[in-house]
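Grab a coffee and open the viewer: here is a short set of exercises to work through. Each task comes with its solution, step by step.

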Amino acid sequence: MDTKAFKRSLQHSENYHRKGFGHQAEVATQLQSEYQSNLIQQIRNNNYILTRGDVTIHLAQAFGFCWGVERAVAMAYETRKHFKSDRIWITNEIIHNPSVNQRILEMQVDFIPVEAGIKDFSVVDAGDVVILPAFGASVQEMQILNDKSCKIVDTTCPWVSKVWNTVEKHKKGDFTSIIHGKYKHEETIATSSFAGKYLIVLNWTEAEYVADYILNGGNRQEFLTKFAKACSAGFDPDRDLERIGIANQTTMLKGETEKLGKLFEHTMMKKYGPHELNNHFQSFNTICDATQERQDAMTDLVQQPLDLMIVIGGFNSSNTTQLQQIAEEKGISYHIDTVERIKPDNCIEHRQLDGKLSVAENWLPEGKIVVGITSGASTPDKVVEDVIEKIFALKATAAVV
Ligand code: SF4
């Protein structure tokens, strides 16, 4: 399938929308009241620090809703206002945040049902409105919706589209796209659907394995088993790693993506020599600014003397997990998605880096404490406010007792 031509023709279709519908001002007021927080604004204005009683909060200097997420949520709200009586679907969570997704459901925007891991588009009728979320949708899904003559509202973040353009360039030049990402993540699924040949590499260990295979060869079967779910159909490591280009899931750790890029650049230089490098390696900067800013701010925050850190964001949010990874390298940090994870009796239920939930007891130390806080790109300020207020309340009660 010529994905580029399909995308171009879709963009010219009258059923395709990727701008708002003229309700920006109205929606902005609504978003402000539902998701913004006066307390957070106050802390921002106070150089990101607030002390109340025994608690000092240090907020990261960049956190929370990124502009891509804000734009997607605003477009979803505008879609509801514009298509007042139409059935509206969304192909996936608009963003990875439970409270925002709950709000979208309350506005009668339904998720496409999923049966055994496969989306059931049979529920969608011609003329229905279907929203594509901030991290995009696969080209196959777009094709199904286009064939059904649905009205498509595409909220895909422009940064994600930029990565799609990159893999299109790889495909045109007959390069295999090495995608730094998680093969199950919706954004990476979408990106790989635009690629020609591709291999999804999760981390440094996998990248080193691939680099070693490029230089020294190896066990082909073992390679194919290892990347069975993370490569294009018919992928052959002996044939498809001669020309490679780098792409990434926009929310991966920036430093790791850069390191992987360098590893593959050196690998190809070693194998083919500096004069041939451009024929065998391509790299474009596709790291999203918002991800970069939030990770840099977290790196700065953890340099400060903190008693503990809290990272707030959806449990399936990749960018939040990366923030938690930075925090955990430096000290005690809890990743929670809502204030309800803070339980009675000084317990907190939190997500570990391996994805498992666990409960920590006596998590709030006695006496004066300094707490570092950040939140992922899909977390509204209101959720952060709830967590901070809860900590203030718990410590105030403890002080009285
Ligand atoms: S994190 Fe970056 S790529 Fe993802 S929605 Fe936000 S701005 Fe876009």
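**Exercise 1. The ligand shell**

Which helices each supply at least two residues of the shell around the ligand?

Solution. Keep in mind that this is a predicted model.
- Step 1: look for helices that give two or more residues to the shell. They are α4 (67–82), α7 (158–172) and α13 (289–301).
- Step 2: pick out the biggest contributor. That is α4, whose three residues make up the largest share of the shell.
- Step 3: list the residues. The ligand has 15 residues around it, and C66, G68, C157, W159 and C288 are the closest.
- Step 4: sort the shell by class. You get ten nonpolar residues, five polar ones and no charged ones.

**Exercise 2. Two of these helices and their partners**

Work out how α4 packs with helix α2 (residues 24–35), then how α7 packs with helix α8 (residues 186–194).

Solution.
- Step 1: take the geometry of the α2 and α4 pair. Their axes are 10 Å apart, and the packing angle is about 120°.
- Step 2: name the arrangement. An angle of about 120° lies outside the 65 to 115 range for roughly perpendicular and isn't over 145, so α2 and α4 are oblique to each other. The crossing of α2 past α4 is right-handed.
- Step 3: find who touches whom. From α2 come E26, V27, Q30 and L31, and they meet V73, A74, Y77, E78 and K81 of α4. Sorted by class, this contact holds five nonpolar, one polar and three charged residues.
- Step 4: move on to α7 and α8. Here the axes come within 8 Å and cross at roughly 35°, again in a right-handed crossing.
- Step 5: list this contact too. On the α7 side are V160, V163, W164, V167 and E168, and on the α8 side E187, T191 and F194. They divide into five nonpolar, one polar and two charged residues.

**Exercise 3. A helix beside α13**

Is helix α14 (residues 318–328) largely enclosed or largely open, and what does α14 pack against?

Solution.
- Step 1: count the buried residues. Nine of the eleven residues of α14 are buried, so α14 is largely enclosed by the rest of the structure. The buried ones are S318, N319, T320, T321, Q322, L323, Q324, I326 and A327.
- Step 2: see what these buried residues pack against. The partners are α13, β14 (308–312), β15 (333–336) and β19 (369–375).
- Step 3: zoom in on α13. Its axis is 9 Å from that of α14, at an angle of about 20°, which makes α13 roughly parallel to α14. The crossing is right-handed.
- Step 4: read off the contact. T291, R294, Q295, M298 and T299 sit on the α13 side, with N319, Q322, L323, I326 and A327 on the α14 side. By class, that gives four nonpolar, five polar and one charged residues.

**Exercise 4. One residue, V387**

Is V387 buried or exposed?

Solution.
- Step 1: locate V387. You'll find V387 in helix α15 (residues 381–400).
- Step 2: count its surroundings. V387 has 21 other C-beta atoms within 10 Å, and the cut-off is 20 or more, so V387 is buried.
- Step 3: find its contacts beyond four places in sequence. These are I310, I312 and V339.
- Step 4: check one more pair. R341 is 46 residues away along the chain, yet the C-alpha atoms of V387 and R341 are separated by 9.4 Å.

Notes:
Residues numbered from 1 in each chain as written. Predicted model: local features only at pLDDT ≥ 70, side-chain atom pairs only at ≥ 80, totals over all residues. Helix = DSSP H or I, 4+ residues; strand = E, 2+ residues; numbered from the N terminus. Buried ≥ 20, exposed ≤ 12 C-beta atoms within 10 Å, placed from the backbone. Contact = placed C-beta atoms within 7 Å. Near = placed C-beta within 6 Å. Nonpolar A, V, L, I, M, F, W, Y, C, P; charged D, E, K, R; others polar. Axes fitted to C-alpha atoms, helices over the stretch in contact; angles between N-to-C directions. Parallel < 35°, antiparallel > 145°, perpendicular 65-115°, else oblique. Left-handed = near helix turned anticlockwise from the far one by under 90°.
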